[in-house]
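Hi,

Here is the model I promised to pass on. Have a look at it first, and my notes follow underneath.

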Amino acid sequence: MSDFLWLIPLCPALGFLVNGLIGRKLSKRAVSAVACGVVLLSFLLSVAAVAQLAAMPAGERVMENRALTWIPRVDSGGGPPGLALDWLYVLDPLSAVMILVVTGVGFLIHVYSIGYMWEEQGYWRYFTYLNLFMAMMLTLVLGGSFAVMFVGWEGVGLCSYLLIGYYHTRTDCADAGRKAFITNRIGDLAFVAGTLTLFALFGTLEFRPILAAVASGEGPYWVLAAVGLALFVGACGKSAQIPLYVWLPDAMAGPTPVSALIHAATMVTAGVYMVCRLAPLYLAAPVALTVVAIVGAATALFAATIGIAQNDIKKVLAYSTVSQLGYMFVAAGVGAFGAAVFHLTTHAFFKALLFLGSGAVIHALHHEQDMMKMGGLKAKLPVTHAVFLCGWAAIAGVPLTSGFFSKDEILWKSFLWSPLLWASAAATAVITAFYMTRLMGLTFWGRSRMDHHAEAHVHEVPGVMKWPLIILAALALLGGFLSVPPALGGDLMPFTLEGWLHPVFTPATYAASGHHGAHGGDAGHAGEEHGGHHGAAAEYGLMLLASTLAVLTMWLGWRLYDRHPEKAAAWKERFAGIHGVLKNKYWVDELYDAVVIRSFYSLCRAAHVLDVRVVDGVVHLVRNVTVGTSYLSVFWDTWVVDGLVNLTGRTVRAGSGVLRRLQTGLAQSYASAMVLGLFLLICVYMYMS
Amino acid sequence: MVPTSHLLVFSLALFIVGLAGVLTRRNAIIVLMGIELMMNSANINFIAFSRQLGDLAGQVFSVFTIVVAAGEVAVGLAIIIALYRNKDTINIDEINIMKG
């Protein structure tokens, strides 16, 4: 029974329709009930579907649901195969994880939004977009072919655009929305190019046949590598990797729950999801995978350093998100797709928590986002502070929190691939711990830097916002136990995410195409065996090193920002140069402005000149020639054609003027003429005879 | 016996008198009378040749022509009366309604 899969995205789509069509007339309570209800329903359906999936034997966990025929197959009569598309939903372990995260975290954020957005204009519009986003995101992760996935892919991009520009009367929000949309288009172009190349190669857009073909060694190596890179460029746009990450920090202009849902927990992870979904393709083209790893590592480190010097609480979290997404790509790039999805999941928990927590702070301070105007909020917002502590511990990687397990998994796998990559990732982890501690220090600890008027109005969040925070905090702390690494006794656990996901990332699963119990020369598995062989000692050592470094950094940050803020200021002075570079985000926006946007404008201007001078010139020339010839034509018509006609008329009139005289109407003149004629006839007759 | 040529000259003279009347007089009735004269000159011709050739067919023709002339005069006079009623004149120079 897999034919109810289509209901999962349909529920939020219905909510979107109801709120979109009649939401304006409904009360705020009704709007919230519809919006949250459909997402909850979708979550329950997802749980039911995943439960069914889990009941299947490990190697065969696939549920397919061809909901509709989209483009029917047409017999091409021996030609190349035509495009045939079904509206195909597929649930396998990977999409199972994704739909649970999307609907679960999504539901919590919907509930939180009720409290956060209560006072805002266009309350119904917000929930309409949010429901549409859920429908599109679920289509994206459940889509069983590139085409269905692309519908979701573009749909979430649209919702992202709409929600970033939610405060559409503010220019910066509208600009940020456009920036996100246009940057994503660049990535999507590459995505479409990759998709179409795959179609040209394999004649289908569905994942399983393509992956089966790739897994059994079909397809030229370099083409597959190029496809992998093109799709990765698409992932870069969606998941904010170098060089297309610039939109994500600006996307913080949207409402904070949107930042939590779309720009931290779900949509931005679509790129990671896609790379993991196509694991066999990337394993068949390791060059592309290497690029993924390097870009991911570079983005992680780069964004983390920017995060150190930002003063806007949401900007810090935004760069942190970019950095953590880089982490996931590192994991995917070294072939540890399970670790990537694991980190995606834990990141969804703790980053949603951090964003919602920052939303609580911003809400409490009446839309103040500058951390320099906060401080000492621990006493005033105890619950927010407590949940923020959980998120902080998780993202910094304090042992036994969710971030610790997932990050450690990635660090270990990257160490196996290359110690250099490990060094970069570990440095990122340390910097992450530092800037998150700085954020905590500036926001919650130390002395208050608020003005007294604002301070008097600070209030703890209402219950509807508090409970999602608490649940997410619990998930952020405990989510790591979803996948305990073998070195820490994961083999003893009844369930690990790694083991659950393993068949999805194993080419042999696809190559066997349904044959039960296919084991063999299985690259992913072999890699793991190899990793396990390296000795647990190294893994323990690295784990200890990374954790110690993180905790030390946290302690240092705490000393700096809680106990001795003047030292932090002094450090800032001493490294003013570097601080300036980081504060200005390496001037990447300015660089893009100078290189891309200005040259684009110049191109536009050149095109304009071309248009005015050449195209318009040709058009005017044609016009002038036409007018000139028409003058000639008029002359010919007037003088020659009309002249001939008039000449005929005049000739006839002149001739008739002469002949008219003969008809006098007098009978006698006619008689005279008759006599004269008779006389002449007689004369002729006589002369002839 | 009067030679046929005399009769022919007489008939010619009569015809010319009639023709002159038709062509020159302004009174429509006199024009009609001229036409009668020209017809009678034709009758004289018929009878002259009938006598010379001893054939009665010419005399039959002339009687026939007199009958036709009587009808013709009746029609002609009727036209003149109609003209007079419409135009108050029978001066042929003033009647040019045949002009298109």
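Let me start with a spot in chain A that caught my eye: A:Tyr586 counts as partly exposed, because it has 13 C-beta neighbours inside 10 Å. Its place is in the loop between helix H26 (576–583) and helix H27 (588–660) of chain A. The backbone there is worth a look, since phi of A:Tyr586 is near 60°, a positive value in a residue that is not glycine. Please keep in mind that this is a predicted model.

For background, most residues other than glycine have a negative phi, and most peptide bonds are trans. Another loop of chain A departs from both habits. A:Ala240, in the loop between H8 and H9, also has a positive phi, about 55°, without being a glycine. Is A:Ala240 buried or exposed? A:Ala240 counts as buried, because 31 C-beta neighbours lie inside 10 Å and the cut-off for buried is 20 or more. The loop between helix H8 (221–239) and helix H9 (247–250) also holds A:Pro243. A cis peptide bond links A:Ile242 to A:Pro243, with omega at about 5°.

Next, a helix pair. In chain A, helix H16 (residues 382–396) packs against helix H20 (residues 463–478) at an angle of about 25°, and their axes are 9 Å apart. That angle makes H16(A) roughly parallel to H20(A), because anything under 35 degrees counts as such. The crossing of H16(A) with H20(A) is left-handed. On the H16(A) side, the contact is made by A:Val383, A:Val387, A:Cys390, A:Gly391 and A:Ala394. H20(A) brings A:Lys466, A:Leu469, A:Ile470, A:Ala473, A:Ala476 and A:Leu477. Sorted by class, the residues in this contact are 9 nonpolar, 1 polar and 1 charged.

Now the core. The largest nonpolar core has 210 residues, and those with the most contacts inside it are A:Cys276, A:Val330, A:Ala340, A:Ala352, A:Leu353 and A:Ala425. If you want a place to zoom in, try A:Ala340: leaving aside residues up to four places away in sequence, A:Ala340 touches A:Val272, A:Cys276, A:Met328, A:Ala331 and A:Ala332.

Last, the two chains. How many residues of chain A are in contact with chain B? There are 9 of them, and they meet 10 residues of chain B. The chain A side of that contact is made up of 4 nonpolar and 5 polar residues, with no charged ones.

Cheers

Technical notes
Residues numbered from 1 in each chain as written. Chains lettered and ligands numbered in written order. Predicted model: local features only at pLDDT ≥ 70, side-chain atom pairs only at ≥ 80, totals over all residues. Contact = placed C-beta atoms within 7 Å. Nonpolar A, V, L, I, M, F, W, Y, C, P; charged D, E, K, R; others polar. Core = buried A, V, L, I, M, F, W, Y, C linked by C-beta atoms within 7 Å. Buried ≥ 20, exposed ≤ 12 C-beta atoms within 10 Å, placed from the backbone. Axes fitted to C-alpha atoms, helices over the stretch in contact; angles between N-to-C directions. Helix = DSSP H or I, 4+ residues; strand = E, 2+ residues; numbered from the N terminus. Parallel < 35°, antiparallel > 145°, perpendicular 65-115°, else oblique. Left-handed = near helix turned anticlockwise from the far one by under 90°.
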